[in-house]
Amino acid sequence: MSSVAVLTPESFAEHRSGLKDQELTGCVPEDEAYIPTYLEAFPPLPEKTAAEAKAGEPSGAWGSKIKPIKASVITQVFHVPLEERRYRDNGQFGEGEEAKVCLDIMQRTGAHIELSLAKDQGLSIMVTGKLDSVMKARKEIVARLQTQASATVAIPKEHHRFVIGKNGEKLQELELRTATKIAIPRHDDPSTSIRITGTKEGIEKARHEVLLIHAEQDKRAVERLCLEKAFHPFIAGAHNRLVQELSQETGARISIPPPSVPKDEIVITGEKEAVAMALGRIRALYDDKKRKTTTISVEVKKSQHKYIVGPKGTTLQEILEATGVSLEMPPLDSPSETIILRGEPDHLGPALTQVYATAKSVTVVEVTAPAWLHHYIIGKKGQNIGRITQQLPRVHIEFTDGEERISLEGPTEEVEQAQTQMLEIIQDLLVRMDYTEVVIEQRFHRHLIGKNVNRIKEQYKVSVRIPQDCEHSGLVRIEGDPQGVQKARRELLEMVQRMENERTKELTVEQRYHRTIIGQKGEKIREVRDKFPEVVINFPDPAAKSDVVQLRGPKNEVEKCGKFLQRLIAELIENSFSLSVPIFKQFHKNIIGKGGANIKKIREETNTKIDLPTENSNSEMIVITGRKNHCEAARERVLAIQRELANIKETEVAIPSRLHNSLIGSRGCLVRSVMEECGGVHIHFPPEASGSDQVTIRGPAGQVERARRQLLQLAQEKQVNSFTAEMQAPSEYHRFLIGRGGANIRRVRDRTGARVIFPAPHDGEPERITIVGREEAVRLAQKELEALVKNLDDVVEDSMAVEPRHHRHFVCRRGQVLRELAEEYGGVAVSFPRTGGAASRRVTLKGGRDCVDAAKRRIQEIIEDLESQVSVEVVIQQQFHRALVGPKGSRLQQLTKEHQVQVQLPERGDGSTGPPGPDPQAPQENGEAGPHAEAAPRKCDIITVSGRPEKCELAKAALLALVPVTEDVEVSYELHRYIIGQKGSGIRKMMEEYEVNIWVPPPEQQWDVVRVTGQLTNVGRAREGLLQRVRELQAEQEDRALRSFKATMSVEPRFHPKIIGRKGAVISQIRKDHDVSIQFPEKGDEHQDVLVISGYEANVAGARGALERLVAELREMVSQDVRLDPRTHARIIGARGKAIRKLMEEFKVDIKFPPPGSEEPDRVAVTGLPEAVDNAIHHLLTLEEEHMLSVTETETLAAYMKPPSRGEDSNGAPAKGYVVRDAPWNAPGGDRAPDMSSAEDFPTFGASVAPKQSSAWGPKKV
């Protein structure tokens, strides 16, 4: 039987270091670490004997540790019988639902699936991929391609958790293996049945597995044994060996709570016999120890308890193993120093001796020294403390930050020597050193840090500590020579006094601009502060609602910063001017343009912000924001678009400003009523504070004049005598009171002279009616309206006779005519009969008397219209019918509404059923009929118009006017592609704008004609638009020819990066200033020194001159290297490179630091004019010197403010790592590389190379 050597980290460390007290076998000294040979450290695998090979048992030092390598890709094949197939596609195999499902599964799981059809029409499925992917794919295939069944299996409730497993892993594995869905009832459900869903085969497998788990758990038992906590160590044994042996012998699992857990319960689990056996053994051991053991108590200093416990309790275990005595230690948070020893009386003495020896083996002493003195005790680069640690290497000295104690830990004698030396150093320092503290306001700290403090440190040989911002402290500490401390203190106070005399300036900035000046996340104000680092800028708290911004700093800097901020605020105020432009809602889409093209162009060309109301909003106002002149230019552009689209007129009327508020009315009701009455015109009153009398009216020409008269009339009434009254009426009566086209309310106004204002649809008081005018007129109008309302409240029921043939007109389109009657005549209810017969002519009306009478008259008018209707046929070729209908039927709907007729289009067809007509291929232009059209019109060309005769004639003329015409426009062939635009965007925009169809001939024909088809007026507009576009393109071609002037200049390639600048800043500025294009040579170009400049000739000459001046400056530049300690690079560069950028801007040089991993990490290149380079290098060296003082001090403190690293040995040297002797890479032979194929240098598994030592792991320790 071969044995296996297990190398633990502890034994390996002991093997390497030889720190155990036992002697080593061999000739290795005790104080020297043994270095094993290569063959000792890596023993070869012996060859198997025939018997071993036959038995298949592993042998050799490696034993059974080597596991077979499994393939990462597996393949599974399974069969789905015909009767269990979910999809039985009759079509071609591989093209039905099964193939789609498999494709979806492959995409989701990453497995590869192949389907094949067996002779019995069953499916053979092969799944290939990684194990996890294959199992998931198989589960999905079974669930989606195979018919599912279900079954239940009942097992006790307490066994359900074993089916689920930890975190549900067991259940998931079981579902994957059996390709089923297993549903386990919730813990609060009393049911014991587990439901399994899947294929029959899968259900049987899953059921079998569940029953196996149940049977296995049925055999197991759990026992809980409560024993005194003090006896647990005896049951567990040293290093838990006893309980492990007991578990191996009985097969039961024994769980003993650790010493830190205050529980006395021991849990034993396993099979019933094994649990009973383990329970008996534990009880017997407990009874024996309880009978034989006794206790003693000893007092040991609390600080020494950790040495008795040892790392992770190892010392306690060693005492238990050596003496058989258990130690009960008080908790760490308890002040008790009593340790209880429990064991047999004979063993308590040796255990007590070992406890005292362990406690006294290490001593901890604390030395008191002021915290500020610690880094002087350590000394420069650790010189002082280094002398002590070199003489006494086993003493560990630890400084606690912010406290006045220094801990010394180690052997007693060495600690006493170290303590004596430390006290001598402290006493000497207290005589030679002094410190003082100065309170300086925190706002001055940032001005002291840097050159000021560094100069004081060097001049007076002192240390100055200024607290960090996060400490929120004003206490500055000065340490060093007593005289130097006093001088440094006086100079610091003088500097602070000068700073206190700095100037403070207050700027008044409206609070609404504060957020804009600060910027998102403070980005903009950070730039201002970087520009003026000596100026403190304070904004008021937003809750204070203050407009005062405070600047504090040196006088000149404050003045510069104040002027800069005032310019910034002036720009903000100038750019925040706002205008509201009323534009009719139907024209908003034209303002926006296709894909936002129009509004984007206006925004870019006028540099303004334009906001339109949302589509579902009733507002017609477009808000323009920006500079005043830009806003006015944008307003003119927007109004020009509206004027082009409609006959819009704008006029101004002078009305005294004192009357404006009364004309606008409460919540704008009076002016709104005027706008609604006059066809939706826009009336704009000037701002209240402007003092202007001009009121602007904009809208259709006729309505503008009407609104002007009404406004003047209202103003005159207001000046003479104005009176207002209000009354209430149900909102459903309002339409009847207004009448058709405002007829009723107009009669009231004409008779009384008062104006009646009805509420808007979304008004908060929908029943309120306002009457405005002279008092007697208002009273009379109110009396008439109240009488009308009273009549409407008097509900009557009446009837009238309507011929059944007309009923359909009233009830069709979901009763639209009846709804209109109800809305127009005060909510009158009109009921038509449902059945035929004699009574079917009777129509019932119910409502107010006046409403019923008016509704009867309106019904009679409709009947008369229906009886007088005629039908007129209009012959228009079917190819033009779509143009007549318009987008979504808009044109036809507009025509029928305007002329009150009905238009019926023929069904689509070729007219073959009618009389022979003209050849449909014959050319016909402008909607004219062919020569045979009058004689024999086709049925599909005949449109029927029904209505009153005069209205039918008007509708017929309107229909004929909608017939499209075609016109040819002469456009040069070279311009066609520019008119079409990118992907047809240009021509599509023109067609949408002018509502025409534009045909451009194919490129191969090269015609100079563009054909426009559409309505006559639209075609004329489109023709003018095309010609205008042609003129623009010709002008662009001429301009392009002028811009194509090119010139070249030769510039050495080494100057190219400087000309381009950081992120292209320099070359972009030249291009922008001179409006030219500058091209650099490609990487593989033959002429690497040639730059090409293109643009207008004058601009090219200017750009060339600018480049020549720049190159001349670059030729004067020099580059010098300076050596800077790499540890100071980050400090010189600053956060996000701000410090180095500021330095480069100040000295006008370019500074490049070496990249990480550079061979010369301290080499920094400075490029610029000679004088600037010298100044920059001098400044860099000064910065390095300043930063090195801080770096050295920080590193020295860090080395002694933390315990020694685990990676170093007791002498402070780094660990050497794992070392072996006689390795193949160390073989003699000079520079010869080891032979990788040599069986001697690198023996293969199973090679018969005998190790030099008899033991596989080197000399044994005894």
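Okay, let's start in a loop, the one between helix 38 (976-980) and helix 39 (985-994), because that is where Lys983 sits. Before I go on: this is a predicted model, so please keep that in mind throughout.

What is the phi of Lys983? It's positive, about 55°, although the residue is not a glycine. For background, most residues other than glycine have a negative phi. As for its surroundings, Lys983 counts as exposed, since its relative accessibility is 76% and the cut-off for exposed is over 50%.

There's a second case like this. Gln1006 is also a residue other than glycine with a positive phi, near 55°. Where is Gln1006 found? It's in the loop between strand 38 and strand 39. And with a relative accessible area of 51%, Gln1006 is exposed.

That loop takes us to a sheet. Strands 37, 39 and 38, in that order, make an open sheet of three strands with antiparallel pairing. Which strands are at the edges? Those are strand 37 (965-970) and strand 38 (997-999), and each of them pairs on one side only. Going from one strand to the next, the twist averages 25°.

Now look at how strand 38 meets strand 39, residues 1009-1014. The two run antiparallel, and three bridges join them. If you want one pair to click on, take Asn997, whose bridge partner in strand 39 is Thr1013. Packed on this sheet you'll find helix 40, residues 1016-1043, which touches strand 37 and strand 39. The direction of helix 40 makes about 10° with that of strand 37.

Let's move to a pair of helices. Two packed helices are described by the angle between their axes and the distance between the axes. For helix 13 (residues 314-323) and helix 14 (residues 345-360), the angle is about 150° and the axes are 10 Å apart. So helix 13 is roughly antiparallel to helix 14, because an angle over 145 degrees counts that way. The crossing, where helix 13 passes helix 14, is right-handed. Who makes the contact? From helix 13 it's Thr315, Ile319, Ala322 and Thr323. From helix 14 it's His347, Pro350, Ala351, Gln354, Val355 and Thr358.

Next, a residue on the inside. Ile194 has its place in strand 6, residues 193-198. Is Ile194 buried or exposed? It's buried, because its relative accessible area is 0% and buried means under 20%. Ile194 and Thr152 are 42 residues apart in sequence, yet their C-alpha atoms are 5.4 Å apart in space. Leaving out residues up to four places away in sequence, Ile194 touches several others, among them Thr152, Val153, His160, Ile184, Pro185 and Val210.

A quick word on cysteines. How many disulfides does the structure hold? Zero. Here are two cysteines to look at: Cys226 counts as exposed, at 54% relative accessibility, whereas Cys561 is buried, with a relative accessible area of 0%.

Last, let's zoom out to the whole chain. It has 46 helices and 45 strands. Of its 1262 residues, 36% count as buried. And if you take the contacts with a separation of 6 or more, 69% of them come from residues 24 or more positions apart. Ile194 and Thr152, at 42 residues apart, gave us one such pair to look at.

Note on methods. Residues numbered from 1 in each chain as written. Predicted model: local features only at pLDDT ≥ 70, side-chain atom pairs only at ≥ 80, totals over all residues. Heavy atoms only, no water. Disulfide = S-S within 2.5 Å. Buried < 20%, exposed > 50% of the residue type's maximum accessible area, 1.4 Å probe, protein only. Pairing = 2+ DSSP bridges. Helix = DSSP H or I, 4+ residues; strand = E, 2+ residues; numbered from the N terminus. Axes fitted to C-alpha atoms, helices over the stretch in contact; angles between N-to-C directions. Contact = heavy atoms within 4.5 Å. Parallel < 35°, antiparallel > 145°, perpendicular 65-115°, else oblique. Left-handed = near helix turned anticlockwise from the far one by under 90°.
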